[in-house]
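Got the sequence and the 3D view open? Let's read a few features together, one at a time.

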Amino acid sequence: MSIEKMTAPELLGLNRFNVDEEKPHIILNKAICFQCKEKPCLVVCPATLYTLDKAGEICFDYAGCLECGTCRVMCRNKGIVHWSYPRGTFGISFRHG
Amino acid sequence: MSEAEKFDAIIIGAGPAGASCAYTLAKAGKEVLLIERADAPGSKNMTGGRLYTYALEMVDRGLSAEAALERKVTHEQIMLLSGDRAISIDYHEPSFNATGRAPQSYTVLRAGFDQWFAGKAEEMGAMVVCGVKVDDLIEKDGRITGVIAGEDQMLADVVIAADGVNSFIAQKAGLIKDISAHSVGVGVKEVIELPSKVIEERFHLREDEGCALMILGCTERIHGGGFLYTNRESVSLGMVVNPEEAAKHGKSVHAILQDLKMHPAVLPLIEGGETIEYGAHLVCEEGYRGIPQKLYGEGLLVIGEAAGFVINTGYSIRGIDLAVLSGLAAAKAITDETDPAKLGAAYMKELNHIKLLPSMQSVDGYKDLLDIPRLYADYPNLAADIFGQLYTVNGQVPLSMKKIIESLIRKNGLSIWQLFKDGLRGAKSI
């Protein structure tokens with residue numbers, strides 16, 4: 001193996017996740033996000049889970065969340081209407097940490 | 001709803017703070033419940049990182065010798081990066097690993113360490129329950145009397161919030177306000193697997209010995225820095241940046257770390273390795289001044305990173321040792337103070353007695369030093385320029401050192417006056 005730049009999805013693919021399919025732990029109100037000019041989430045989420053689609057609307061998938069909480073503290077206009085840790089046993093499981 | 005059980009103490013979060021508290025309380029014969037939302041202790045947690053062993057030794061003598069730790073840190077390094085250039089400082093202190101006493105610090109990976117520590121608490125008699133997330137606190141007549149997890153209620157004389165930097169529990173109790181973006185850094189890290197022999201050769205280490213490297217000038221002028229810790233068979237390479245400045249800058253936090261990985265001074269250290277995990281975590285950056293006004297309420301104590309116990313001096317970062325100490329302080333207060341109304345005050349007294357708060361207060365000024373924006377690019381650039389001139393031999397008549405430095409200060413958009421002011425500010429801060 002040689003060291004190369006890796007995309008966030010490639011890096012997340014190395015991690016162990018137990019995704020809670022029933023209950024998302026982060027919920028957005030995309031109408032609020034659409035109005036938000038700064039959108040810091042696009043930059044600060046280490047997993048780059050926040051992206052924009054062609055229409056300029058926020059796309060978000062909580063499945064690869066590292067549960068750091070950065071999006072929550074940076075969310076300016078409260079487009080993140082719900083942020084909690086996933087239910088017990090769900091979410092990221094670091095094997096090294 | 002299940003029948004409520006009653007414990008002497010319920011601890012929320014099986015990190016180092018929670019485990020230290022549970023271990024000490026169980027050892028003193030208390031009925032303790034340690035609740036963890038992950039399926040195993042440690043699997044939600046990550047660190048740079050390192051652990052200073054004195055804290056474990058305070059919990060129990062000899063504890064650090066059996067702990068699940070990585071390498072004994074004997075090399076302390078600082079690297080300044082500027083473009084593709086680098087200045088490195090390596091301080092080697094063999095006595096940090098002298099025979100007959102605990103090494104000063106170890107590198108650590110949290111999945112293994114936290115599981116070990118919670119296991120020790122369990123051996124002492126604490127009940128450890130994993131895979132359970134505490135949703136809320138039970139309050140009765142202004143006093144916290146237990147916790148709610150799903151449909152279960154559990155009661156206790158005292159509840160201890162050890163649920164980390166995003167402490168929702170302390171917020172629910174109204175003890176602390178939500179953390180603000182300017183008071184935290186976002187840390188990201190790759191664990192890169194390498195054979196132990198390769199690590200020892202590259203970092204000039206003896207077997208079991210390790211290195212802790214802090215990197216300045218790798219964050220696109222954003223307040224923050226990189227780090228590299230050598231584990232037994234991997235290195236932890238990462239960085240911490242201020243999320244507000246990162247958002248203004250516009251380059252993704254993930255991309256900044258990928259650039260650091262490929263830096264000509266960093267790449268040879270990890271070349272041939274394989275990334276096996278990617279993690280992220282918020283870090284309290286405010287130090288002593290960021291500690292919440294009140295770390296206790298009726299029936300509730302706040303410990304570890306939930307209480308903001310982190311020290312960052314730039315050259316070393318401490319969090320796990322302070323977490324362990326705070327767990328110990330809470331346990332001592334609970335054991336020694338029989339009057340529930342005086343428990344909070346007893347905890348604060350223990351935090352002082354155990355030297356946690358005085359240590360944080362003593363280095364509080366570093367925050368002012370680290371707030372100098374020029375530290376993160378201008379000064380590393382200036383230092384690299386000066387070294388570049390010193391080591392350039394091309395047959396031209398060399399300029400005097402004074403002239404070189406004056407011209408390089410100007411080239412970097414700085415002034416002697418600015419340098420003088422920052423120097424004074426730095427000297428005052430520390």
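What follows is a short dialogue between a learner and a teacher.

Q: Before we start, what kind of model is this, and how are residues numbered?

A: This is a predicted model, where local features need pLDDT of at least 70, side-chain atom pairs count only at pLDDT 80 or more, and totals for chains, interfaces and linings use all residues. Residues are numbered from 1 along each chain as its sequence is written, chains are lettered from A and ligands numbered from 1 in the order in which they are written, and side-chain values use heavy atoms, with hydrogens and water left out.

Q: How many helices and strands are there in chain A?

A: Helices (H or I, at least four residues) and strands (E, at least two) are DSSP runs, numbered from the N terminus. Chain A has 4 helices and 6 strands, and along the sequence they follow the pattern α-β-β-α-α-β-β-α-β-β. The C-alpha trace of chain A spans about 45 × 35 × 20 Å along its principal axes.

Q: At what angle do H1 and H4 of chain B pack?

A: Axes are lines fitted to C-alpha atoms, for helices over the stretch in contact, and angles run from 0 to 180 degrees between N-to-C directions. In chain B, helix H1 (residues 16–27) and helix H4 (residues 110–123) pack at about 15 degrees, with axes 8 Å apart. That makes H1(B) roughly parallel to H4(B) (under 35 degrees is roughly parallel, over 145 roughly antiparallel, 65 to 115 roughly perpendicular, the rest oblique). The crossing is left-handed, a label used if the near helix is turned anticlockwise from the far one by less than a right angle; clockwise gives right-handed.

Q: Which residues of H1(B) and H4(B) meet?

A: Contact means heavy atoms within 4.5 Å. Among the residues that meet are B:Ala19 and B:Tyr23 in H1(B), and B:Phe113 and B:Phe117 in H4(B). By class, this contact has 9 nonpolar, 1 polar and 3 charged residues (Ala, Val, Leu, Ile, Met, Phe, Trp, Tyr, Cys and Pro count as nonpolar, Asp, Glu, Lys and Arg as charged, and the others, Gly among them, as polar).

Q: And how do H1(B) and H10(B) cross?

A: The axes of H1(B) and helix H10 (residues 320–336) of chain B come within 7 Å and cross at roughly 35 degrees. Here the crossing is right-handed. The residues of this contact divide into 11 nonpolar, 5 polar and no charged.

Q: What area do chain B and chain A bury between them?

A: The size of an interface is often given as the accessible area lost when the parts come together. Buried area is that loss for two parts (1.4 Å probe), summed over both. Chain B and chain A bury about 4,000 Å², 58% of it on carbon and sulfur atoms. In chain B, B:Arg37, B:Glu277 and B:Tyr278 lose the most area to chain A, together 17% of what that side buries. The contact takes 55 residues from chain B and 41 residues from chain A.

Q: How many salt bridges are found across that interface?

A: Side chains of opposite charge can pair when their charged atoms come close. The rule asks for a side-chain nitrogen of Lys or Arg within 4 Å of a carboxyl oxygen of Asp or Glu. It finds 5 salt bridges across the interface, and 30 over all chains. A:Glu67 pairs with B:Lys44, their closest N and O atoms being 3.0 Å apart.

Q: Where is the cis peptide bond in chain B?

A: Look between B:Gly48 and B:Gly49, where omega is about -15 degrees. B:Gly49 lies in the loop between strand E2 (32–36) and strand E3 (50–52) of chain B.
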